Each structure stands twice: as structure tokens, then as C-alpha cells.
Amino acid sequence: MTGIQELLLSRIRDVADYPEPGVMFKDITPLLADPAAFTALTDALAEIVVSTGATKIVGLEARGFILGAPVAVRAGVGFIPVRKAGKLPGATLSQAYDLEYGSAEIEVHAEDLAAGDRVLVVDDVLATGGTAEASIRLIRRAGADVAGLAVLMELGFLGGRARLEPALSGAPLESLLTV
């Protein structure tokens with residue numbers, strides 16, 4: 001394990017039985033509260049922006065906003081929030097997707113993405129990959145290219161990577177930590 005991985009992992013708190021019994025929640029708020037750890041995370045994700053040639057970052061609601069916005073500033077690229085349906089004013093593109101029990105929908109402002117944009121999706125955790133897969137479809141429907149997906153932490157046992165690899169079509173999936 002590298003020094004940055006040790007630092008990041010040391011600032012992630014396990015919360016048992018949240019949000020329901022049997023779930024071990026990975027709480028990143030201690031990492032966000034530690035300026036050295038948050039800076040290290042921002043720098044590591046900004047390096048991925050540069051290596052992928054991304055020109056914009058899409059942050060997935062809500063923790064993807066917290067991580068993606070400072071990364072965009074650090075890397076000198078634009079930031080675009082992808083929100084739950086009904087939260088953005090004006091013209092939007094939407095993408096529905098299935099959850100374990102039910103379905104959900106995400107949206108982006110239609111004018112925020114265009115042909116020629118190379119978009120890196122940023123989020124805190126890759127679990128089953130449903131939201132990330134929907135965001136990839138949304139980006140492509142807007143005419144932009146997907147530069148990849150970058151996450152702080154991948155929950156490997158949930159199979160999100162296998163689900164996303166076909167959708168990514170060769171674009172990288174970068175995870176700083178895998179648990």
C-alpha cells in the first residue's frame with residue numbers, strides 16, 4: 001500500500017449497520033475534515049484528470065460534488081453536477097436506471113456538455129455501478145466523450161467494475177482504494 005492510500009484509508013471511518021443492519025458504511029467525513037488528507041485526495045484525482053486528458057468533470061450527487069469541484073479547480077477544468085431528477089432548473093437531459101429495489105433518474109443541464117468535451121466522472125464510492133453507468137450514458141447522449149471514471153474507493157465485492165467496463169468502452173476506471 002502506498003503512503004497516500006494509507007493516509008486516505010486511515011481517515012475513512014467504518015460505521016456498522018448503517019443505513020440498515022448488515023451494512024458497513026464507509027464514512028469519508030473524517031477525511032474531508034483533515035486538510036492534509038483532503039488535499040492529498042484532491043491532488044491524486046487531479047492527476048487522473050491530467051492523465052486522461054479530461055476537459056470537464058462530472059460529479060455525481062452528492063459526495064461527487066464535494067470531491068469533484070476542488071479537483072476541477074486544481075486541474076483547471078470545468079465542473080458539472082449530475083443531480084437527482086427534478087433538482088436542476090432549465091432544460092435537462094435525464095437518464096433512468098435500475099436500483100436493487102426500484103429505479104432512479106439523474107439529470108444534467110443540456111447545455112453543459114457538448115461534442116469535443118472529454119468528461120471524467122468523479123465520485124466517492126463505486127458500489128454496484130448503477131449511477132456511474134447512467135452518468136456515462138448521459139454524457140454520451142449529450143454528445144461528449146467519456147474520459148473515464150475516478151473514485152476514492154471501490155467496493156470490489158459488489159461487482160461495479162465488471163458492470164462498468166462495457167459501458168466505459170476502454171476508458172479507464174481509476175480507484176484510489178479497493179476494499
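In which kind of crossing does α1 pass α3, left-handed or right-handed? The close-up views below begin with that pair; keep in mind that this is a predicted model.

**View 1. Helix α1 meets helix α3.** Let's start with the answer: α1 passes α3 in a left-handed crossing. Two packed helices are described by the angle between their axes and the distance between the axes. Here the axes of α1 (residues 3–10) and α3 (residues 35–52) come within 10 Å and cross at roughly 130°. That angle makes α1 oblique to α3. Look for Ile4, Leu7 and Leu8 on the α1 side, where they meet Ala36, Ala37, Ala40, Leu41 and Ala44 of α3. Sorted by class, the residues of this contact are 8 nonpolar, with no polar and no charged ones.

**View 2. Helix α3 packs with helix α4.** Now follow α3 to another partner, α4 (residues 63–75). Their axes lie 8 Å apart, at an angle of about 65°, and this crossing is right-handed. From α3, the contact uses Phe38, Thr39, Leu41, Thr42, Asp43, Leu45, Ala46 and Val49. From α4, Ile66, Leu67, Pro70, Val71, Arg74 and Ala75 take part. Count them by class and you will find 10 nonpolar, 2 polar and 2 charged residues.

**View 3. The buried face of helix α6.** Which residues of α6 (residues 160–168) are buried? They are Gly160, Leu164, Ala167 and Leu168. Seen down the helix axis, these buried residues fall within an arc of 90°, so they line one face of α6. A little background helps: an α-helix has 3.6 residues a turn, so residues three or four places apart point the same way. The buried residues of α6 pack against β7 (118–126), α5 (130–141), β8 (145–154) and β9 (173–178). On the face turned away from the buried side, you can spot the exposed residues Ala162 and Pro166.

**View 4. Ser169, just after helix α6.** Step past the end of α6 and you reach Ser169, in the loop between α6 and β9. Its phi is near 50°, a positive value in a residue other than glycine. Is Ser169 buried or exposed? With 57% relative accessibility, Ser169 counts as exposed.

**View 5. The loop between β1 and β2.** Two backbone details share this view. Asp17 sits in the loop between β1 and β2 and has a phi near 60°, a positive value in a residue other than glycine. Pro19 is also found in the loop between β1 (13–16) and β2 (24–27). The peptide bond leading from Tyr18 to Pro19 is cis, with omega near 5°.

**View 6. A cis peptide bond from Glu61 to Ala62.** Here, omega is near -5° for the bond that joins Glu61 to Ala62. Ala62 lies in the loop between β3 (56–60) and α4.

**View 7. Ala85 and its contacts.** Find Ala85 in the loop between β4 (78–84) and β5 (92–99). Which residues does Ala85 touch, not counting those up to four places away in sequence? They are Glu105, Ile106 and Glu107. Ala104 is 19 residues from Ala85 in sequence, and their C-alpha atoms are 8.1 Å apart in space. Ala85 has 32% relative accessibility, so it counts as partly exposed.

Note on methods: Residues numbered from 1 in each chain as written. Predicted model: local features only at pLDDT ≥ 70, side-chain atom pairs only at ≥ 80, totals over all residues. Heavy atoms only, no water. Axes fitted to C-alpha atoms, helices over the stretch in contact; angles between N-to-C directions. Helix = DSSP H or I, 4+ residues; strand = E, 2+ residues; numbered from the N terminus. Parallel < 35°, antiparallel > 145°, perpendicular 65-115°, else oblique. Left-handed = near helix turned anticlockwise from the far one by under 90°. Contact = heavy atoms within 4.5 Å. Nonpolar A, V, L, I, M, F, W, Y, C, P; charged D, E, K, R; others polar. Buried < 20%, exposed > 50% of the residue type's maximum accessible area, 1.4 Å probe, protein only. Arc of directions from axis to C-beta.
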